Amino acid sequence: RTSPSAGDRSAAPVREPVTLRGVDNASSANESAIRAIAGADQQFDLLAFLEGAKAAYGMILEAFWSGDREQRRSLCDDEVYESFAESIEQRMARGETLENRLVRIDETRIVDAEYEAPMARITVRFDSDIAAVVRGPDGELVAGSLTDAVETHDVWTFQRDLRSNDPNWILVETDQA
(Lines give C-alpha, C1' and ligand atoms only; values in the text may rest on other atoms or scores of the structure.)
Protein backbone atom coordinates (compact mmCIF):
# COMPACT_ATOMS: atom_id res chain seq x y z
CA ARG A 1 0.00 0.00 0.00
CA THR A 2 1.31 3.43 -0.87
CA SER A 3 0.83 6.61 1.09
CA PRO A 4 -1.37 9.28 -0.48
CA SER A 5 0.50 11.91 -2.42
CA ALA A 6 -0.24 15.62 -2.29
CA GLY A 7 -2.06 15.32 -5.61
CA ASP A 8 -4.34 12.47 -4.45
CA ARG A 9 -7.72 14.15 -3.86
CA SER A 10 -9.17 11.02 -2.25
CA ALA A 11 -6.84 11.38 0.74
CA ALA A 12 -8.60 12.50 3.91
CA PRO A 13 -7.89 16.16 4.63
CA VAL A 14 -5.85 16.97 7.70
CA ARG A 15 -8.05 18.89 10.11
CA GLU A 16 -6.60 21.59 12.26
CA PRO A 17 -7.93 21.90 15.83
CA VAL A 18 -10.75 24.42 15.96
CA THR A 19 -10.66 27.13 18.61
CA LEU A 20 -14.05 28.46 19.62
CA ARG A 21 -13.76 32.23 19.94
CA GLY A 22 -15.60 33.62 22.94
CA VAL A 23 -15.16 30.46 25.01
CA ASP A 24 -12.92 30.59 28.05
CA ASN A 25 -10.18 28.26 26.82
CA ALA A 26 -9.25 27.28 30.37
CA SER A 27 -11.80 24.50 30.14
CA SER A 28 -11.93 21.94 27.38
CA ALA A 29 -15.15 20.73 29.04
CA ASN A 30 -16.76 24.03 28.01
CA GLU A 31 -15.58 23.58 24.46
CA SER A 32 -16.87 19.99 24.41
CA ALA A 33 -20.25 21.10 25.74
CA ILE A 34 -20.52 23.85 23.10
CA ARG A 35 -19.70 21.31 20.40
CA ALA A 36 -22.35 18.94 21.83
CA ILE A 37 -24.94 21.74 21.81
CA ALA A 38 -24.05 22.58 18.21
CA GLY A 39 -24.32 18.90 17.31
CA ALA A 40 -27.76 18.61 18.90
CA ASP A 41 -29.02 21.90 17.45
CA GLN A 42 -27.95 22.39 13.85
CA GLN A 43 -29.17 26.02 14.02
CA PHE A 44 -26.86 26.89 16.94
CA ASP A 45 -24.28 29.53 16.10
CA LEU A 46 -21.88 30.49 18.88
CA LEU A 47 -21.26 34.05 17.70
CA ALA A 48 -25.00 34.63 17.20
CA PHE A 49 -25.59 33.23 20.71
CA LEU A 50 -23.06 35.66 22.20
CA GLU A 51 -24.60 38.60 20.32
CA GLY A 52 -28.05 37.52 21.54
CA ALA A 53 -26.76 37.19 25.10
CA LYS A 54 -25.34 40.73 24.94
CA ALA A 55 -28.66 42.05 23.61
CA ALA A 56 -30.60 40.21 26.33
CA TYR A 57 -28.19 41.55 28.98
CA GLY A 58 -28.87 45.11 27.87
CA MET A 59 -32.65 44.64 27.55
CA ILE A 60 -33.02 42.92 30.91
CA LEU A 61 -30.92 45.55 32.71
CA GLU A 62 -32.81 48.42 31.07
CA ALA A 63 -36.16 46.85 31.96
CA PHE A 64 -35.03 46.25 35.55
CA TRP A 65 -33.74 49.79 35.95
CA SER A 66 -36.94 51.31 34.55
CA GLY A 67 -39.16 48.99 36.62
CA ASP A 68 -40.68 47.33 33.54
CA ARG A 69 -41.68 43.86 34.68
CA GLU A 70 -43.33 42.69 31.47
CA GLN A 71 -40.43 43.26 29.05
CA ARG A 72 -38.31 40.81 31.05
CA ARG A 73 -41.03 38.20 31.43
CA SER A 74 -40.22 36.27 28.26
CA LEU A 75 -36.47 36.56 28.78
CA CYS A 76 -36.25 35.05 32.30
CA ASP A 77 -37.40 31.90 34.04
CA ASP A 78 -39.89 32.25 36.91
CA GLU A 79 -37.29 32.34 39.69
CA VAL A 80 -35.15 35.07 38.11
CA TYR A 81 -38.26 37.02 37.13
CA GLU A 82 -39.61 36.91 40.70
CA SER A 83 -36.25 38.00 42.11
CA PHE A 84 -36.14 41.01 39.78
CA ALA A 85 -39.81 41.83 40.47
CA GLU A 86 -39.22 41.70 44.23
CA SER A 87 -36.25 44.08 43.93
CA ILE A 88 -38.34 46.48 41.83
CA GLU A 89 -41.18 46.39 44.39
CA GLN A 90 -38.77 47.09 47.27
CA ARG A 91 -37.23 49.99 45.35
CA MET A 92 -40.68 51.42 44.57
CA ALA A 93 -41.76 51.05 48.21
CA ARG A 94 -38.77 53.20 49.21
CA GLY A 95 -39.78 55.71 46.54
CA GLU A 96 -36.46 55.30 44.75
CA THR A 97 -35.84 55.45 41.02
CA LEU A 98 -32.80 54.37 39.04
CA GLU A 99 -31.19 56.39 36.27
CA ASN A 100 -28.71 53.73 35.22
CA ARG A 101 -27.10 53.47 31.83
CA LEU A 102 -25.12 50.66 30.24
CA VAL A 103 -22.12 52.58 28.91
CA ARG A 104 -20.47 49.65 27.16
CA ILE A 105 -19.83 45.94 27.30
CA ASP A 106 -16.06 45.52 27.27
CA GLU A 107 -16.00 41.74 26.98
CA THR A 108 -18.43 38.86 26.73
CA ARG A 109 -17.18 35.31 27.17
CA ILE A 110 -18.50 31.88 27.99
CA VAL A 111 -17.24 30.65 31.34
CA ASP A 112 -19.29 27.46 31.62
CA ALA A 113 -21.38 25.28 29.33
CA GLU A 114 -23.37 22.11 29.90
CA TYR A 115 -25.48 19.88 27.74
CA GLU A 116 -27.65 17.20 29.30
CA ALA A 117 -30.12 16.27 26.60
CA PRO A 118 -32.34 18.00 25.92
CA MET A 119 -31.29 20.94 28.13
CA ALA A 120 -28.41 23.24 27.20
CA ARG A 121 -26.99 25.75 29.68
CA ILE A 122 -24.39 28.38 28.87
CA THR A 123 -22.93 30.74 31.46
CA VAL A 124 -21.66 34.06 30.16
CA ARG A 125 -19.49 36.64 31.90
CA PHE A 126 -20.19 40.25 30.95
CA ASP A 127 -17.48 42.78 31.79
CA SER A 128 -19.16 46.13 31.38
CA ASP A 129 -19.23 49.75 32.48
CA ILE A 130 -22.46 51.01 34.02
CA ALA A 131 -23.29 54.55 35.05
CA ALA A 132 -25.60 54.24 38.05
CA VAL A 133 -27.70 56.79 39.93
CA VAL A 134 -30.28 56.17 42.66
CA ARG A 135 -32.73 58.99 43.35
CA GLY A 136 -34.98 59.27 46.38
CA PRO A 137 -38.71 60.08 46.54
CA ASP A 138 -38.11 63.79 45.96
CA GLY A 139 -35.62 63.26 43.13
CA GLU A 140 -32.63 63.83 45.40
CA LEU A 141 -29.41 61.98 44.63
CA VAL A 142 -29.06 59.02 47.00
CA ALA A 143 -26.08 57.32 45.38
CA GLY A 144 -24.02 57.13 42.21
CA SER A 145 -23.06 59.30 39.27
CA LEU A 146 -23.99 59.34 35.59
CA THR A 147 -20.58 60.76 34.70
CA ASP A 148 -18.51 58.11 36.49
CA ALA A 149 -19.17 54.58 35.22
CA VAL A 150 -18.58 51.59 37.47
CA GLU A 151 -16.79 48.50 36.15
CA THR A 152 -19.18 45.56 36.53
CA HIS A 153 -18.64 41.82 36.16
CA ASP A 154 -21.90 39.90 35.82
CA VAL A 155 -22.18 36.15 35.32
CA TRP A 156 -25.49 35.08 33.80
CA THR A 157 -26.64 31.57 32.89
CA PHE A 158 -28.93 31.04 29.91
CA GLN A 159 -30.83 27.81 29.23
CA ARG A 160 -32.73 26.30 26.32
CA ASP A 161 -34.59 23.06 25.72
CA LEU A 162 -33.12 22.02 22.37
CA ARG A 163 -36.31 20.10 21.48
CA SER A 164 -38.23 23.38 21.50
CA ASN A 165 -39.06 25.23 18.30
CA ASP A 166 -38.47 28.47 20.22
CA PRO A 167 -34.88 29.52 19.39
CA ASN A 168 -34.67 31.88 22.38
CA TRP A 169 -32.54 31.17 25.41
CA ILE A 170 -33.88 32.26 28.81
CA LEU A 171 -32.00 33.66 31.76
CA VAL A 172 -32.06 31.15 34.64
CA GLU A 173 -29.39 32.49 36.99
CA THR A 174 -27.53 35.72 37.75
CA ASP A 175 -24.43 36.34 39.80
CA GLN A 176 -21.48 38.69 40.03
CA ALA A 177 -17.86 37.70 39.50
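Trainee: In which sense do S3 and S4 pair, and how many bridges make you call them paired?

Mentor: In this predicted model, S3 and S4 pair in the antiparallel sense over 16 bridges. Two strands count as paired if at least two bridges are found between them, so S3 and S4, with their 16 bridges, earn the name.

Trainee: Which residue of S4 stands opposite Arg 135, and what lies between the two strands?

Mentor: Arg 135 stands opposite Leu 141 in S4. The hairpin of S3 and S4 has 5 residues between the strands, and in this hairpin Gly 139 takes a positive phi near 85 degrees.

Trainee: What makes S4 and S5 a pair?

Mentor: S4 is joined to strand S5, residues 170-176, by 6 bridges, and the two run antiparallel. A pair needs at least two bridges, so the 6 bridges here meet the condition. Within this pairing, Phe 158 stands opposite Leu 171 in S5.

Trainee: How do you know that the span of H1 agrees with what a helix should give?

Mentor: H1 has 13 residues, which at 1.5 Å a residue should span 18 Å, and its end C-alpha atoms are 18 Å apart, so the two values agree. The expected span uses one less than the number of residues, which is why the multiplication does not use all 13.

Trainee: Why do we say that the buried residues of H1 line one face of the helix?

Mentor: The buried residues in H1 are Asn 30, Glu 31, Ala 33, Ile 34 and Ile 37. Seen down the axis of H1, they fall within an arc of 160 degrees, so they line one face of the helix. These buried residues pack against H2, S2 and S3.

Trainee: What puts the buried residues of H4 on the same side of that helix?

Mentor: Val 80, Tyr 81, Phe 84, Ala 85, Ile 88 and Arg 91 are the buried residues of H4. They cover an arc of only 130 degrees around the axis, which puts them on the same side of H4. They pack against H2, helix H3 (69-73), strand S1 (97-98) and S5.

Trainee: Which residues lie on the other side of H4, and why are they called exposed?

Mentor: On the other side of H4 are Asp 78, Glu 79 and Ala 93. The word exposed is kept for residues with over 50% relative accessible area, whereas buried means under 20%, so these three, being exposed, have over 50%. Just after H4, Gly 95 takes a positive phi of about 75 degrees.

Trainee: What makes a set of residues a nonpolar core, and which members of the largest one touch the most others?

Mentor: The members must be buried residues of the nonpolar kinds, joined through side-chain atoms within 4.5 Å. The largest nonpolar core has 35 residues, of which Phe 49, Ile 122 and Phe 158 touch the most other members. Among the elements that give two or more residues to this core are helix H2 (46-66), strand S2 (101-116) and strand S4 (141-161), and H2 brings the largest share, 10 residues. In soluble globular proteins, nonpolar side chains tend to be buried together.

Trainee: Which residues does Phe 49 touch, leaving aside those up to four places away in sequence?

Mentor: Phe 49 touches Phe 44, Ile 122, Val 124, Phe 158 and Trp 169. A contact requires heavy atoms within 4.5 Å, so each of these five residues has at least one heavy atom within that distance of Phe 49.

Methods. Residues numbered from 1 in each chain as written. Predicted model: local features only at pLDDT ≥ 70, side-chain atom pairs only at ≥ 80, totals over all residues. Heavy atoms only, no water. Buried < 20%, exposed > 50% of the residue type's maximum accessible area, 1.4 Å probe, protein only. Helix = DSSP H or I, 4+ residues; strand = E, 2+ residues; numbered from the N terminus. Arc of directions from axis to C-beta.
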